[in-house]
Amino acid sequence: MTVFGTLSDSEADAFTTSVQQFERSSGINVRYVGSSNFEADLLERLRRGDAPDMALLPQPGLLPTLVSEGFAVPWTAALKASATEHIDPRLVGLSTIENQVYASWYELTLKSLVWYSPSEFARLGLTVPQSWNDLDALVAKVVAAGLSPWCLGIRDGGATGWVATDWVEDLVLRFAGSDVYDRWITHEVPFSDRVIANAVQRFGDIALSNTLVYGGSRAAVRNTVTDAARQLTTSPSKCVLNRQASFLPRLVGGRTAIGPTADLWAFPLPSADGAKAPLIVGGTMSVRFSNDPNVDQLAAYLASAEAARERAKLGSFVSPLTTVPLDAYVSELDRSVAGWLRDADVLRFDASDLMPPSVGVAAFWTGMAAWLGGARLSSVLHEIDRAWPATSNSIPGQVTVKS
Amino acid sequence: MGLARKRIDDEQWKLVEDSLYDRARPGGPATRNFIVFSLLSSAIASMGLLLNSAPAVIGAMLLGPFITSLLAIAGALIHGWGRRLANAGAMLAIGIAMSMLSSFIVGKVFAPRLADAQLPSQLLALTKPGLLDLGIALLAGLAAGYATLRTEAAGALSGVAVSVTLEPPLAAMGLFLASRDGDAFRQAGLAFVTNLGALVLGATVALAWFGFADRSKRGTRTQAGIGIAIWVALVIAVTVPLAVYSQRVIRNTAFEVQVGQSVRDWDPSVHIVTLDAQVAKGGATVHLEITGPRKPEPAWRLAEILSDKRGSRVSVSVSFTLTSEDEALSTR
């Protein structure tokens, strides 16, 4: 049985280790194959009749294509329960198309985090902000201390720009609201709309500032994502804050300790008005391309709390299942992320992963990179709108996502 | 019989002893020259390595002053002369420090950042010591010992000096230290240690075999025991890391062959430009640079072919450059 996905290195090892118990008990051998060019490779495999048995899909935006082209096999009634029970209904909506469930959530990543060094916070007399005004005050205090508040870098090879789109998504959700966010995903609200342009400009006020970003106004396009993550860990820190997903420790590497009193820790990016922070998540869902009973067994296992607990033991993993107790997570970060997600009032999926791939993982990324490199914002937003396909498959998130 | 074991006469013995141990001691008459030539030879070797210039590196080897210290160490080991061993060792340490300092400065000035892709081939070779390097060093040590004892072979000393290859690995260590490349520094260090150990071993055997071992000149039993212990330690210092390294090289080379064959199965249209295949604990990694007339097959398929063959995890990264030709002709 082959599972195709984007996991690499230690994540791939953790996945294969976590399914060993299933392999022993079922006698089914699971092979994981990962690709950095996942989306194109998966479609190419499917279209030439070389389908893997399952895929770990990081982009729900690809699911409608897999369904409309007849590749994704709907969950059977028996499997459907495991894919829909004890999971936030807003997430289930993303795996449901025309009342058929086509996928089961396997893993979640929290995007809306701000990372910092607790010792640097203590040295500068800073406290975790509870609102956007608090965050502005904190940033002003850091500038007054002669330091750069933000670490920022958007370069990441073929995926350059995703950090900028994550920033913009967080700002749209906070300052334009969840309703606009949902309509933006379907292009009902276009990129060139004033509310979206304002959110992008708000990001530009930070990213293109000479004083707010370490390295100045062009640092974002000069730095890689990894450079920016590591700038937090130098001693003394080159900058104080980095808005980055819960996987930042993997970017930093080495022996950096993660915890409220350790080398690095994080807080949810505050809301605009001081209410509970709205959160954006990314995640991975398992999709099957075969009716084989062995595939059903693996699909059921991956959707189970047992599989989640096995994987949680290895760290750097948060399950979407509410039945996985917080103490099943071995790391303080995983426990905290799971807690923040369960506690969130407004939870949305990463917008770029829900948009059609020609926009979400192409024009939006490259457009933001071009704008930070000096292009005119209005032209960039217009170009992104032009990249939206004339007829796109329905976005599953539209079915039930409501805050 | 030129190679038959033959004890040298007392006059020659004394001549060799004086020339070695008078020069191989800190504070002796040769110290100033030793330091100057250590600094100069390493600086020339460093620049030669950066320029990939074989003549410059050979010139540096000719200037290199280490041969006397190495032979003095070998002779002291045979006889168990502790003080002389310490003096020669101290002289060698001074030379190593001076050479590293010199190459470090050259590195800081001319090559503060050495990237793998830009490493000149001679420098790159010093990060990959192998059994052949060990063989060369052993034979060079033998030749040095023989030429020192036989006046009729003194003309070969310049050739011996070139074979005694301590300057290039030392220069490489200094350059890699300057560019903060820890892995390459360790590999060059391994090349240096194996060369040093093998040279002393070869010289010890040659000196003992061709007449420098004279029971009447030996130190106490304890001193002789210390000499043997150091000799055994040298054997271990040379063979253990090199055996481990050679085993890894053999394993990686076999894997490279396997990757080359698999690439032909994977996509016959591509041409391999560079291939780096490493087998490590828990899996293997392949970095492949290829060219071809069209987009190659996806990398995951090559990873799958290789992991099928090996029965373990294989991680593949592929960098592809399109080659295209376009010719045209127009007539009226």
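# Exercises on a predicted two-chain model

An open sheet in chain A is built from four strands in the order S8-S9-S7-S10, and its pairing is mixed. The structure is a predicted model, and the exercises below are to be read with that in mind.

## Exercise 1: the four-strand sheet of chain A

Determine which strands form the edges of the sheet S8-S9-S7-S10 of chain A, and describe how S7 and S9 of chain A are joined.

Solution. Begin with the ends of the order: strand S8 (148-150) and strand S10 (265-268) of chain A each pair on one side only, and these are the edge strands. From one strand to the next, the twist averages 25 degrees. Turn then to the interior pair, where strand S7 (residues 113-116) and strand S9 (residues 239-243) of chain A run antiparallel and are joined by two bridges. Within this part of the sheet, A:Val114 stands opposite A:Arg243, a residue of S9(A).

## Exercise 2: a strand with two partners

Identify the residues that stand opposite A:Phe4 in S2(A) and in S3(A), and give the sense in which the strands run.

Solution. Take first the pairing of strand S1 (residues 2-5) with strand S2 (residues 31-34) of chain A, which is parallel and comprises four bridges; here A:Phe4 has A:Val33 opposite it. Next consider strand S3 (residues 54-57) of chain A, which is joined to S1(A) by two bridges and also runs parallel to S1(A). In that pairing, the residue opposite A:Phe4 is A:Ala55.

## Exercise 3: the sheet of chain B and its helix

Explain why one side of S1 and one side of S3 of chain B are left without a neighbour in the sheet, and then place helix H12 of chain B relative to that sheet.

Solution. The inventory of chain B contains 12 helices and three strands, and three strands form an open sheet of mixed pairing in the order S1-S2-S3. Strand S1 (271-280) and strand S3 (314-322) of chain B stand at the edges with a single partner strand each, so each has one side without a neighbour in the sheet. Direction ignored, neighbouring strands of this sheet are turned against each other by 5 degrees on average. S1(B) pairs with strand S2 (residues 283-292) of chain B in the antiparallel sense, over nine bridges, and B:Ala277 stands opposite B:Val286 of S2(B). Helix H12 (residues 299-310) of chain B packs on the sheet and touches S2 and S3 of chain B, with its direction making about 140 degrees with that of S3(B).

## Exercise 4: a helix pair in chain B

Classify the packing of H2(B) against H9(B) as roughly parallel, roughly antiparallel, roughly perpendicular or oblique, and characterise the contact by residue class.

Solution. Helix H2 (residues 31-51) and helix H9 (residues 167-178) of chain B pack at an angle of about 75 degrees, and their axes are 8 Å apart. Since angles of 65 to 115 degrees count as roughly perpendicular, H2(B) is roughly perpendicular to H9(B). On the H2(B) side the contributing residues include B:Ala45 and B:Leu49, while on the H9(B) side they include B:Ala171 and B:Leu175. Sorted by class, this contact has seven nonpolar, four polar and one charged residues.

## Exercise 5: two positive phi angles

Decide whether A:His187 and A:Ser316 count as buried, partly exposed or exposed.

Solution. A:His187 is not a glycine, yet has a positive phi of about 75 degrees, and is found in the loop between helix H10 (178-185) and helix H11 (194-207) of chain A. Its 16 C-beta neighbours inside 10 Å make A:His187 partly exposed, because burial requires 20 or more. A:Ser316, likewise not a glycine, has a positive phi of about 55 degrees and lies in the loop between helix H16 (305-312) and helix H17 (332-343) of chain A. With 21 C-beta neighbours inside 10 Å, A:Ser316 counts as buried.

## Exercise 6: cores and the chain contact

Locate the largest nonpolar core, and describe the side of chain B that touches chain A.

Solution. The largest nonpolar core has 132 residues, and those with the most contacts inside it are A:Leu63, A:Val287 and A:Leu341. Helix H19 (residues 357-372) of chain A supplies the largest share of this core, nine residues. A second, separate core has 72 residues, among them B:Leu123 and B:Tyr146. Between the chains, five residues of chain B are in contact with five residues of chain A, and the chain B side divides into four nonpolar, no polar and one charged.

Conventions:
Residues are numbered from 1 along each chain as its sequence is written. Chains are lettered from A and ligands numbered from 1 in the order in which they are written. This is a predicted model: local features need pLDDT of at least 70, side-chain atom pairs count only at pLDDT 80 or more; totals for chains, interfaces and linings use all residues. A nonpolar core is a set of buried Ala, Val, Leu, Ile, Met, Phe, Trp, Tyr and Cys residues joined through C-beta atoms within 7 Å. A residue is buried if 20 or more other C-beta atoms lie within 10 Å of its own, exposed if 12 or fewer, and partly exposed in between; C-beta atoms are placed from the backbone. Two residues are in contact if their C-beta atoms, placed from the backbone, lie within 7 Å. Ala, Val, Leu, Ile, Met, Phe, Trp, Tyr, Cys and Pro count as nonpolar, Asp, Glu, Lys and Arg as charged, and the others, Gly among them, as polar. Two strands pair if DSSP finds at least two bridges between them. Axes are lines fitted to C-alpha atoms, for helices over the stretch in contact, and angles run from 0 to 180 degrees between N-to-C directions. Angles under 35 degrees count as roughly parallel, over 145 as roughly antiparallel, 65 to 115 as roughly perpendicular and the rest as oblique.
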